[in-house]
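Visitor: I have a model open and I'd like to learn how to read its features. Could you walk me through a few?

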Amino acid sequence: MNHLIDTGRIFLGLVFLCSVVGKVRGPAAFAGFRAAVARLVPALRGRTGPVAVLVAGVETAVVGALAVPSTVTAGFALAALLLAAFTAALVGVLRRDETVACHCFGDGGQPVAPRHVVRNAVLLCAASAGLAARLMTEGDTTATARPAAFLCTAAAGAFLALVTVALDSLAYLWGRMDSKSTGRVPG
């Protein structure tokens, strides 16, 4: 159970770290995220500044909570709540059939697609599984007492985070490889 918790906290912690850094790395990145909030959730127009600050703040809190063993439960819970809201916003965009870039990791990114909903659903499952595992265990459940095991766990979490953050790039590459095998040109 310790390895599941540690893999989840590293996985989610790194994903949220990349997300918040991408959004606040400069004025232009934050302005792009703020504009995306208005397009992702039209009901928030006029309040996008405070909402964008709140999202970046909660993402930062998730990273911090997942990094500290005594607050991991809160980190998983915050991550799950935030991911549920993000997923709902992405589903809303798809239902409205709009072309909107989510700015999930700061840059413009690709327009919202079903793969983004699947990505968030996987992240939500990881947060929920981590929360459930934490609630079923007692005390500090980190595996840091066994460095070799923790190193493997950390590598697994980092690999999952890398794949998640690079999803749009991987989808683009996969589309290019698919177009070469079928003769189609990616659109």
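Visitor: Which ring does the charged end of lysine 23 sit over?

Guide: Keep in mind that this is a predicted model. For a charge over a ring, you check how far the charged atom is from the ring centre, with a limit of 6 Å. Here the charged end of lysine 23 lies over the ring of phenylalanine 33, 4.9 Å from the centre.

Visitor: And the largest pocket, what is its volume?

Guide: About 420 Å³. For a pocket, look at who lines it. This one has 27 lining residues, and Phe33, Val55, Glu59, Leu82 and Phe86 are nearest the centre. So Phe33 turns up again, under the charged end of lysine 23.

Visitor: Which element gives the largest share of that lining?

Guide: That's H4, with eight residues. By character, the lining splits into 22 nonpolar, two polar and three charged residues.

Visitor: Now the cysteines. Which of them form a disulfide?

Guide: Look for two sulfur atoms within 2.5 Å of each other. Cysteine 102 and cysteine 104 fit, with their sulfurs 2.0 Å apart, and the count is one disulfide.

Visitor: Why is that disulfide left-handed?

Guide: Handedness is read from the torsion about the S-S bond, and for cysteine 102 and cysteine 104 it is about -130°, so the disulfide is left-handed.

Visitor: Are those two cysteines buried or exposed?

Guide: Cysteine 102 and cysteine 104 are both buried. Cysteine 18 counts as partly exposed because its relative accessibility is 36%, while cysteine 125, at 51%, is exposed; the cut-off for exposed is over 50%.

Note on methods: Residues numbered from 1 in each chain as written. Predicted model: local features only at pLDDT ≥ 70, side-chain atom pairs only at ≥ 80, totals over all residues. Heavy atoms only, no water. Lys NZ or Arg CZ within 6 Å of the ring centre and 35° of its normal. 1 Å grid on protein atoms, 1.4 Å probe; cavity = no way out; pocket = protein on both sides within 12 Å on 5 of 7 lines; lining within 4 Å. Points joined across faces, edges and corners; volume = space filled by probe spheres on them. Helix = DSSP H or I, 4+ residues; strand = E, 2+ residues; numbered from the N terminus. Nonpolar A, V, L, I, M, F, W, Y, C, P; charged D, E, K, R; others polar. Buried < 20%, exposed > 50% of the residue type's maximum accessible area, 1.4 Å probe, protein only.
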